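Colleague: I have a few minutes before my next job finishes, so could we go through this model together? I'll ask as things occur to me.
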Amino acid sequence: MHPAIMAVMAATQLVTPISEAVPKLNVEATCRGSVEADKAMGLALPQNFDKCMSDENSARQQLDTIWLSYSPTIRVQCEGEATAAGDPSYVDLLTCLQMSNGSITTSTTALRGASRKKKAPN
């Protein structure tokens, strides 16, 4: 085999493939941590675990329908942001993707989940 072809083959094996599927995130641990943080801060209306998981699952379902409409570069960037500091969140991932093209939908802003970017309750 020609050395140039071998070099290209070797180089392509070193590249990490970009997933065509929404990443699997451990949001259960993140929601537990978020609930504990809300309690520790003494919030008058702390979010409970079930509501957090409901928001995270809703965000995951929305991601399933839009994931491939974003470029691999944006997906990798947003996945990194949504998993930073060991607190993965589908709500953060969805928000990042939507902000990457300048739009935020109303349904997403209502989701709180385990997002580190929580909005004050209305």
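Colleague: Let me start with a single side chain: which residues does leucine 93 touch, not counting those up to four places away in sequence?
Modeller: Bearing in mind that this is a predicted model, leucine 93 touches Pro23, Leu63, Trp67, Cys78, Glu79 and Ala82 once residues up to four places away are set aside. Leu93 is also listed, along with Leu63, Trp67, Tyr90 and Leu97, among the residues with the most contacts inside the largest nonpolar core.
Colleague: How many residues does that largest nonpolar core have?
Modeller: The core has 18 residues, and helix H2 (27–40), helix H3 (49–66), helix H4 (72–82) and helix H5 (90–100) each supply at least two of them.
Colleague: And which helix gives the most to this core?
Modeller: That is H5, which contributes six residues.
Colleague: Stepping back, how many helices and strands does the protein have?
Modeller: There are six helices and zero strands, so to speak a pattern of α-α-α-α-α-α when the protein is read along its sequence. Of its 122 residues, 32% count as buried, and the accessible surface comes to about 7600 Å², with 61% of that area belonging to carbon and sulfur atoms.
Colleague: What share of the contacts comes from residues 24 or more positions apart?
Modeller: Among contacts with a separation of 6 or more, residues 24 or more positions apart account for 70%.
Colleague: Switching to cysteines, how many disulfides does the structure hold?
Modeller: It holds two disulfides, and if the bonded cysteines are numbered in sequence order the pairing reads 1-2, 3-4. One of them joins cysteine 31 to cysteine 52, with an S to S distance of 2.0 Å; that pair links distant parts of the chain, since cysteine 31 sits in helix H2 and cysteine 52 in helix H3, 21 residues apart.
Colleague: Are cysteine 31 and cysteine 52 buried or exposed?
Modeller: Cysteine 31 is buried, and cysteine 52 is buried too.
Colleague: Why is the disulfide of cysteine 31 and cysteine 52 called left-handed?
Modeller: The torsion about its S-S bond is about -80°, and the disulfide is therefore left-handed.
Colleague: What about the pair formed by cysteine 78 and cysteine 96?
Modeller: Their sulfur atoms are joined in a disulfide with an S to S distance of 2.1 Å. Because cysteine 78 lies in helix H4 and cysteine 96 in helix H5, the pair ties together parts that are 18 residues apart in sequence. The torsion about this S-S bond is about -75°, so the disulfide is left-handed, and both cysteine 78 and cysteine 96 are buried.
Colleague: Back to polar groups: where is glutamate 56 found, and what is its relative accessible area?
Modeller: Glutamate 56 is found in helix H3, and with a relative accessible area of 0% it counts as buried. A polar atom of the glutamate 56 side chain lies 3.3 Å from the backbone nitrogen of valine 91.
Colleague: Last topic, then: where is confidence lowest and where is it highest?
Modeller: The lowest confidence is in helix H1 (residues 3–14), with a mean of 46, whereas the highest is in H3, at 96. Over residues 6–16 the pLDDT is below 50, and beyond near neighbours in sequence that stretch has two contacts in the model. For the protein as a whole the pLDDT averages 79, and 67% of the residues score at least 70.

Terms used: Residues are numbered from 1 along each chain as its sequence is written. This is a predicted model: local features need pLDDT of at least 70, side-chain atom pairs count only at pLDDT 80 or more; totals for chains, interfaces and linings use all residues. Side-chain values use heavy atoms; hydrogens and water are left out. A nonpolar core is a set of buried Ala, Val, Leu, Ile, Met, Phe, Trp, Tyr and Cys residues joined through side-chain atoms within 4.5 Å. Buried means under 20% relative accessible area, exposed over 50%, partly exposed in between (1.4 Å probe, protein chains only). Helices (H or I, at least four residues) and strands (E, at least two) are DSSP runs, numbered from the N terminus. Contact means heavy atoms within 4.5 Å. A polar contact is a pair of N or O atoms within 3.5 Å; within protein, one must be able to donate a hydrogen and the other to accept it, and residues adjacent in sequence count only if both atoms are side-chain atoms. pLDDT is the predictor's confidence in each residue, from 0 to 100. Accessible areas come from the Shrake-Rupley method with a 1.4 Å probe; for residues, only the protein chains shown count as cover. A disulfide is a pair of cysteine sulfur atoms within 2.5 Å.
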